[in-house]
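User: Got a protein–DNA complex here that I want to go through. Can you walk me through it?
Analyst: Sure, here it is.
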Protein chains: 2
Amino acid sequence: MNKINSACALCENKNCFIQKLPSQRLSWVDAKKYTVCFPKDQNIFWENAEVNGIHFIKNGKVKVFSSGLNKKDKVVRLAGDGHIIGHRGYGAEQYPVSAATLSESTICFIDNGSLYELFMTNPVFTYTMMMFYSQELRKSEQRAKYNSQMSSKERIIAALLYAKETFGYSQTDLNAQILNVYLTRSEIASIADTTAEEVSRTLTILESEKHILKKGRNIQLLNEKKLLDLIRDYGIYDNADS
Amino acid sequence: MNKINSACALCENKNCFIQKLPSQRLSWVDAKKYTVCFPKDQNIFWENAEVNGIHFIKNGKVKVFSSGLNKKDKVVRLAGDGHIIGHRGYGAEQYPVSAATLSESTICFIDNGSLYELFMTNPVFTYTMMMFYSQELRKSEQRAKYNSQMSSKERIIAALLYAKETFGYSQTDLNAQILNVYLTRSEIASIADTTAEEVSRTLTILESEKHILKKGRNIQLLNEKKLLDLIRDYGIYDNADS
DNA sequence: AAAAAGTGATGACTAATGTCATATATTAAA
DNA sequence: TTTAATATATGACATTAGTCATCACTTTTT
């Protein structure tokens with residue numbers, strides 16, 4: 001967790017939201033931001049903690065989740081390079097969710113005050129940010145819709161494709177389409193709104209149907225298009241863009 | 001559907017978002033907006049139609065819904081006086097949802113171009129709007145969370161309380177807490193992510209438990225607090241504000 | 001290497017809730 | 001008013017998916 005600030009202008013991550021600011025503004029951000037490298041499986045912020053700003057993922061893998069009372073945690077979102085986290089809390093007193101790293105991750109933080117200054121002086125930036133929220137809202141409700149209409153099997157497939165969408169395939173073995181993230185059965189279950197047992201069973205079925213291959217802790221998607229076809233009726237990826 | 005424009009400055013609805021603009025800006029809006037009175041059960045906009053702007057409910061009752069393929073429509077949101085509709089679509093090509101009136105409603109419309117001008121020249125307005133989106137996102141995910149953790153009975157109670165939250169009680173009989181909106185069993189089911197039959201059954205049970213009273217087409221909440229207690233564990237109304 | 005902790009797979013069982021069928025109200029239309 | 005159309009209530013049944021229990025397999029710790 002060392003502070004490792006560097007100049008936004010030189011940042012290799014051009015998907016970052018901050019890059020949408022006028023370039024002369026970037027050095028101002030450099031002075032305000034706070035960049036930290038988190039090891040794997042570390043909380044970035046906690047549900048119900050005070051909201052102090054927004055986090056920008058320079059690189060890494062993050063899950064955003066909220067805790068049910070009796071039941072297990074619910075993974076609300078996966079986020080990777082260039083994505084924002086903590087924006088759900090922005091404008092509220094406390095975070096409605098927690099965030100934790102799924103792998104070592106470098107994350108930049110900008111505090112509320114600095115953000116407000118940016119928002120007040122850069123209408124296009126603010127507008128872009130607002131459009132991002134609008135899009136997130138659409139996605140959230142899209143997901144709510146298919147959660148209520150899909151079978152557990154379909155939701156599990158959707159969760160696998162979502163993980164692929166967010167983190168892509170492993171770069172070590174480019175030909176094999178191996179998900180570039182390790183998620184426990186419980187975590188997949190949580191994304192897919194079901195139980196770990198159901199995920200185990202379903203993955204076994206999907207493997208027997210030659211849709212996936214379980215490779216140790218990792219999952220290979222043998223035919224992404226076919227998987228997509230199994231759930232396409234719901235129009236999930238119609239307005240996908242992240 | 002007559003155009004019935006009037007001055008925003010004189011509008012009795014002070015909850016409207018437009019009222020957050022500097023007062024000298026309101027007459028500018030007057031020239032741009034388009035106010036229409038819709039009869040009951042009329043579509044305001046359609047899913048997949050081109051998005052041309054945002055609608056502001058001056059007064060009335062509206063449901064926002066999206067159509068599943070095989071299954072029935074899903075009610076995404078209820079909206080009343082002062083609420084915005086169509087903001088989900090803003091920034092996208094097409095509306096992800098439809099909106100229809102549940103009662104006669106007067107609705108003001110502002111086109112994309114005018115909105116953009118407002119957003120570029122009124123940072124506080126834009127910021128407020130962004131915070132609204134942020135809040136809607138929190139609510140949407142809060143709802144997704146409890147949809148996945150509550151029983152159907154609890155979700156139906158939550159739907160009733162949501163209708164109360166949005167439209168309040170009937171003004172004709174102030175002492176009786178009669179929901180100020182008529183929703184079919186199917187519509188309630190759609191809000192509560194269940195079936196019309198389950199709603200019928202559950203309402204009968206809730207009546208036998210003296211929590212509600214079915215009065216013809218309307219529903220009376222006999223003890224709102226008790227109903228709230230039945231679902232409070234989920235923290236649904238913790239950050240409620242609409 | 002052995003032990004312990006965590007994770008995954010799978011069978012048996014249960015409970016919740018969706019589906020279907022039918023009867024009954026209620027509202028709208030003829 | 002009669003008829004038709006729509007909405008609601010309720011029973012019987014089917015099915016999905018959750019729960020519990022057990023075993024096997026991995027990874028980490030000692």
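Analyst: One term before the DNA: a polar contact is a pair of N or O atoms within 3.5 Å; within protein, one must be able to donate a hydrogen and the other to accept it, and residues adjacent in sequence count only if both atoms are side-chain atoms. With that in hand, a polar side-chain atom of B:Lys214 sits 2.8 Å from a phosphate oxygen of DNA strand D.

User: What kind of model is this, and how is it numbered?
Analyst: It is a predicted model: local features need pLDDT of at least 70, side-chain atom pairs count only at pLDDT 80 or more, and totals for chains, interfaces and linings use all residues. Residues are numbered from 1 along each chain as its sequence is written, chains are lettered from A and ligands numbered from 1 in the order in which they are written, and side-chain values use heavy atoms, with hydrogens and water left out.

User: Back to strand D. Which residues come nearest to DNA strand D?
Analyst: A:Thr194, B:Arg185, B:Ser200, B:Thr204 and B:Lys214, out of 17 residues around DNA strand D. A residue counts as near if one of its heavy atoms lies within 4 Å of the strand.

User: What else touches a phosphate oxygen of strand D?
Analyst: The side chain of B:Tyr182 does, with an N or O atom at 2.9 Å.

User: And which side chain is 2.9 Å from a base oxygen of strand D?
Analyst: That is A:Arg201, through an N or O atom. Overall, 68% of the strand D atoms within 4 Å of the protein belong to sugar or phosphate, and the rest to bases.

User: Which element supplies the largest share of the surface near strand D?
Analyst: H6(B), with 4 residues. Helix H6 (196–208) of chain A and helix H6 (196–208) of chain B each supply at least two residues there. Helices (H or I, at least four residues) and strands (E, at least two) are DSSP runs, numbered from the N terminus.

User: How do the residues near strand D split by class?
Analyst: 1 nonpolar, 7 polar and 9 charged. Ala, Val, Leu, Ile, Met, Phe, Trp, Tyr, Cys and Pro count as nonpolar, Asp, Glu, Lys and Arg as charged, and the others, Gly among them, as polar.

User: Now DNA strand C. Which residues come nearest?
Analyst: A:Arg185, A:Ser200, A:Thr204, B:Thr194 and B:Arg201, from 17 residues around DNA strand C. Sugar and phosphate account for 70% of the strand C atoms that come within 4 Å of the protein.

User: How far is A:Arg185 from a phosphate oxygen of strand C?
Analyst: 2.8 Å, taken from a polar side-chain atom of A:Arg185. The side chain of A:Tyr182 has an N or O atom 3.0 Å from a phosphate oxygen of strand C. On the base side, a side-chain N or O atom of A:Arg201 lies 3.2 Å from a base nitrogen of strand C.

User: Which helix gives the most to the surface near strand C?
Analyst: H6(A), with 4 residues. By class, that surface has 1 nonpolar, 7 polar and 9 charged residues.

User: Switching to the protein interface. How many residues are in contact between chains A and B?
Analyst: 39 residues of chain A contact 39 residues of chain B. Contact means heavy atoms within 4.5 Å.

User: How much area is buried there?
Analyst: About 3,600 Å², with carbon and sulfur atoms giving 65%. Buried area is the accessible area (1.4 Å probe) that two parts lose on being put together, summed over both.

User: How many salt bridges between chain A and chain B?
Analyst: 4 salt bridges. Each is a side-chain nitrogen of Lys or Arg within 4 Å of a carboxyl oxygen of Asp or Glu. One of them joins A:Lys145 and B:Glu47, at 4.0 Å from N to O. The two chains also share 16 residue pairs in polar contact, with both residues at pLDDT 80 or more.

User: Which element of chain A gives the most to that side?
Analyst: H3(A), with 18 residues. The residues on the chain A side divide into 17 nonpolar, 11 polar and 11 charged.

User: Last topic, sheets. What is the strand order in the open sheet of chain B?
Analyst: E1-E8-E3-E6, 4 strands with antiparallel pairing. Strand E1 (34–38) and strand E6 (84–85) of chain B stand at the edges with a single partner strand each, so one side of each has no neighbour in the sheet. Strands pair if DSSP finds at least two bridges between them.

User: How many bridges join E1(B) to E8 of chain B?
Analyst: 5 bridges, and the two strands run antiparallel. B:Cys37 has B:Thr106 in E8(B) as its bridge partner.
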